[in-house]
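Hi,

Here is the structure I promised to pass on. Have a look at it first, and then read on for what I found.

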Amino acid sequence: MTAGVIRPMVNRDSKFFWDGTRAGELRIQVCNACGAKRFPPGPACQECPAYDRGYEVAAGTGTVFSYAVHRYPPVPGKELPIVIALVDLDEGVRMVGEVVDVADDEIEIGMPLRVDYNRVDDELTLPIWRRA
Ligand SMILES: [Zn+2]
């Protein structure tokens, strides 16, 4: 069932994030110099000249900013439709993720969500979102 899962790119900028999901933590990159939070992670701060990266662990709660229902084309390892949301985390960053256990005609902007984790294998755990 997991054979066809599309795997994210893991590089030195995003490794802390995937280490986090594997440990059951949703990590947000934070600039150690000015404290600015950012997602997606990258090497440089967008608020100041620093390259000094750290992270904090998010509470794992947020709300739907926007969403899309994917009905076609087929996605390897997935049953359609899939609900994909842009989630505004309570910490103030926005990330994209799959929403599970919410029907495609039930999802709505502003819906409170909480993160959960889908362990694909030893290497990969994907964050997923459920109704809070
Ligand atoms: Zn900064």
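Two strands count as paired here if DSSP finds at least two bridges between them. With that in mind, strand 4 and strand 5 are an antiparallel pair joined over eight bridges. Before I go further: this is a predicted model, so please read everything below in that light.

**Strands**

Within the pairing of strands 4 and 5, serine 66 sits opposite leucine 86 of strand 5. Strand 4, which covers 61-70, also pairs with strand 7, again antiparallel, over three bridges. There, threonine 61 faces arginine 114 of strand 7.

There is also an open sheet of three strands, in the order 2-1-3 and with antiparallel pairing. Its edges are strand 2 (37-38) and strand 3, each of which pairs on one side only. Strand 1 and strand 2 are held in their antiparallel pairing by two bridges, and valine 30 has lysine 37 of strand 2 as its bridge partner.

As a reminder, strands of a sheet pair through backbone hydrogen bonds, either parallel or antiparallel.

**Helix 1**

Helix 1 lies across strand 1 and strand 3, and it runs at about 145 degrees to strand 1. Which of its residues are buried? They are Phe16, Phe17, Trp18, Gly20 and Thr21. These buried residues pack against strand 1 (27-31), strand 3 (53-57), strand 6, strand 7 and strand 8. After the helix comes glycine 24, with a positive phi near 75 degrees.

**The cores**

In soluble globular proteins, nonpolar side chains tend to be buried together. In this model, the largest nonpolar core has 24 residues, and the members that touch the most others are Leu26, Leu89, Val99, Ile107, Leu113 and Trp129. Helix 1 (15-22), strand 5 (82-89), strand 6 (94-99), strand 7 (112-119) and strand 8 (125-131) each put in at least two residues. Strand 5 contributes the most, with four residues.

Leucine 26 is a good one to click on. Not counting neighbours within four places in sequence, leucine 26 is in contact with Phe17, Glu56, Val57, Ala58, Gly60, Leu89, Met95, Val115, Tyr117, Pro127 and Trp129. A second core, separate from the big list above, has five residues, including Ala36, Cys45, Cys48 and Ala50.

**Salt bridges**

How many salt bridges does the structure hold? The count is 13. These are the ones I looked at:

- Arginine 53 and aspartate 13 form a salt bridge, with their closest N and O atoms 2.4 Å apart. This pair links distant parts of the chain, since arginine 53 is in strand 3 and aspartate 13 is in the segment before helix 1, 40 residues apart. Arginine 53 is partly exposed at 32% relative accessible area, whereas aspartate 13 counts as buried because its relative accessibility is 16%, under the 20% cut-off.
- Lysine 78 and glutamate 98 form another salt bridge, the closest N and O atoms being 2.6 Å apart. Lysine 78 is in the loop between strand 4 and strand 5 while glutamate 98 is in strand 6, so the salt bridge ties together parts 20 residues apart in sequence. Lysine 78 is partly exposed, at 32% relative accessible area, and glutamate 98 is buried, at 19%.
- Arginine 119 and aspartate 122 are also joined by a salt bridge, with 2.3 Å between the closest N and O atoms. Both partners are on the outside by the numbers: arginine 119 is exposed with a relative accessible area of 52%, and aspartate 122 is exposed with 57%.
- Lys15, Asp19 and Arg22 are linked in a salt-bridge network.

**Cysteines**

How many disulfides are in the structure? There are zero. Cysteine 34 is partly exposed, with a relative accessible area of 40%. Cysteine 45, by contrast, counts as buried at 9% relative accessibility, and it is also a member of the second core mentioned above.

That's what I have for now.

Cheers

Note on methods: Residues numbered from 1 in each chain as written. Predicted model: local features only at pLDDT ≥ 70, side-chain atom pairs only at ≥ 80, totals over all residues. Heavy atoms only, no water. Core = buried A, V, L, I, M, F, W, Y, C linked by side-chain atoms within 4.5 Å. Buried < 20%, exposed > 50% of the residue type's maximum accessible area, 1.4 Å probe, protein only. Contact = heavy atoms within 4.5 Å. Axes fitted to C-alpha atoms, helices over the stretch in contact; angles between N-to-C directions. Salt bridge = Lys/Arg side-chain N within 4 Å of Asp/Glu carboxyl O. Disulfide = S-S within 2.5 Å.
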